[in-house]
Amino acid sequence: MAVLEVFCSLTGWFCLYLLFCWTFSQRSPEWNCRLVTLSHGVIIVLLTAYVVFIDGPWPLTHAGSENTELQTLSLCVCLGYFFFDMCWCVRHHTEGPVMLAHHAASIAGILLALLMGVSGCETCGVIFGSELTNPLLQTRWFLRQLGLYDGLLGDAVDLMFIFLFATVRVGVGSAMFYCELTSPRTTLIMKLGGVVMYAIAWVFMVDIARFGYKKSRAKYQRWSENHRLKDTGCPHKTD
């Protein structure tokens, strides 16, 4: 049953990509693929949020428990997307080794949760935390393409992205990682998968911290330069 659901998910995301390509034929393939990525990010965040916070069980206390039907559905929807995006990235050579490693680890982790029938709750929790910042990342890319990134809107998107990544994916993710490692129900292979995903999250966090530092430094330098020019351009009062 899960195989059919994954196939339907893969087919659905591919058809959505074709629809975007037909609708926005003047745009690049990456534009249309990122529209699919944005759509997946919004849908899967809403779906896994319901699974984690409403349907349950709570991943911090029930790591390693048996999968529910809704957890299985969420994992199939996400797995179909990752198959699509992984193939697209390999075909168009748009992503580096870290992102490809993230996709490969995500595919392996979701496959293991589906095949073993356990650890669906914490896997959905990881998906929620990982995809929560994805719509902001895609919004940032679209703003750059439209020439709207260099301004207050771009700064707001970057700030929110960094804040959510640090607090949710690294902060809350650390607590979930600890619960998974200490849970007696979680299998060893899922714990090893958690180690890989946690390590990748920290690689991303280091890159994001460097980006935030460089952007803040550049903005401060521009502000200082503008302030200095404004001061030197004003006439001095004389008695």
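1. A word on terms before anything else: contact means heavy atoms within 4.5 Å. With that in hand, take Val36: setting aside neighbours within four places in sequence, Val36 is in contact with Trp13, Leu16, Tyr17, Phe20, Tyr81 and Phe84. Please keep in mind throughout that this is a predicted model.

2. Now the overall picture. The chain has eight helices and zero strands, so to speak a run of α-α-α-α-α-α-α-α when read along the sequence. Its C-alpha atoms fill a box of roughly 85 × 45 × 30 Å along the principal axes. Of the 239 residues, 41% count as buried. The chain exposes about 13500 Å², and carbon and sulfur atoms supply 70% of that area. Among contacts with a separation of 6 or more, 75% come from residues 24 or more positions apart.

3. Back to Val36, which sits in helix H2. Is Val36 buried or exposed? Its relative accessibility is 0%, and under 20% counts as buried, so Val36 is buried. Val36 and Phe84 are 48 residues apart along the chain, yet their C-alpha atoms are separated by 9.8 Å. Phe84 is also one of the H3 residues in the contact between H2 and H3, and Val36 is on the H2 side of that contact.

4. On to how the helices pack. Two packed helices are described by the angle between their axes and the distance between the axes. For H2 (29–55) and H3 (residues 69–92), the angle is about 160° and the axes are 10 Å apart. Angles over 145 degrees count as roughly antiparallel, and that makes H2 roughly antiparallel to H3. H2 passes H3 in a left-handed crossing.

5. Who does the touching there? From H2, the residues include Pro29, Cys33, Val36, His40, Ile44, Leu47 and Val51; from H3, they include Leu70, Val77, Tyr81, Phe84, Trp88 and His92. By class, the residues of this contact divide into 13 nonpolar, six polar and three charged.

6. H1 (residues 2–23) meets H3 in another way. What angle do the axes of H1 and H3 cross at? They cross at roughly 50° and come within 8 Å. That makes H1 oblique to H3, and the crossing is right-handed. On the H1 side you will find Ala2, Glu5, Val6, Ser9, Leu10, Trp13, Phe14 and Tyr17. Their partners in H3 include Thr72, Cys76, Val77, Gly80, Tyr81, Phe84 and Trp88. The contact of H1 with H3 has 14 nonpolar, four polar and one charged residues.

7. Ser9 is worth a click while you are there. Ser9 belongs to helix H1 and is buried, with a relative accessible area of 9%. Leaving out neighbours within four places in sequence, Ser9 is in contact with Cys76, Val77, Gly80 and Tyr81. Each of these four is also listed on the H3 side of the contact with H1. Tyr81 turns up in the contacts of Val36 as well.

8. H2 has a further partner, helix H6 (residues 134–145). H2 and H6 pack at an angle of about 150°, with their axes 8 Å apart. That makes H2 roughly antiparallel to H6, and H2 passes H6 in a left-handed crossing. The H2 residues involved are Glu30, Trp31, Arg34, Leu35, Thr37, Leu38, Gly41 and Val42, while H6 brings Asn134, Pro135, Gln138, Trp141, Phe142 and Gln145. The residues here divide into seven nonpolar, five polar and two charged. Glu30 and Thr37 of H2 are also listed in the contact with H3.

9. Last, some backbone details to look at. Most residues other than glycine have a negative phi, and most peptide bonds are trans. Against that background, a cis peptide bond joins Gly56 and Pro57, with omega about 0°; Pro57 lies in the loop between H2 and H3.

10. Two residues other than glycine have positive phi values to check. His93 has phi near 55° and is found in the loop between H3 and helix H4 (97–116). Ser119 has phi near 65° and is found in the loop between H4 and helix H5 (120–131). Their surroundings are not alike: His93 counts as exposed, at 69% relative accessibility, whereas Ser119 counts as buried, at 1%.

Terms used. Residues are numbered from 1 along each chain as its sequence is written. This is a predicted model: local features need pLDDT of at least 70, side-chain atom pairs count only at pLDDT 80 or more; totals for chains, interfaces and linings use all residues. Side-chain values use heavy atoms; hydrogens and water are left out. Axes are lines fitted to C-alpha atoms, for helices over the stretch in contact, and angles run from 0 to 180 degrees between N-to-C directions. Angles under 35 degrees count as roughly parallel, over 145 as roughly antiparallel, 65 to 115 as roughly perpendicular and the rest as oblique. A crossing is left-handed if the near helix is turned anticlockwise from the far one by less than a right angle, and right-handed if clockwise. Ala, Val, Leu, Ile, Met, Phe, Trp, Tyr, Cys and Pro count as nonpolar, Asp, Glu, Lys and Arg as charged, and the others, Gly among them, as polar. Buried means under 20% relative accessible area, exposed over 50%, partly exposed in between (1.4 Å probe, protein chains only). Accessible areas come from the Shrake-Rupley method with a 1.4 Å probe; for residues, only the protein chains shown count as cover.
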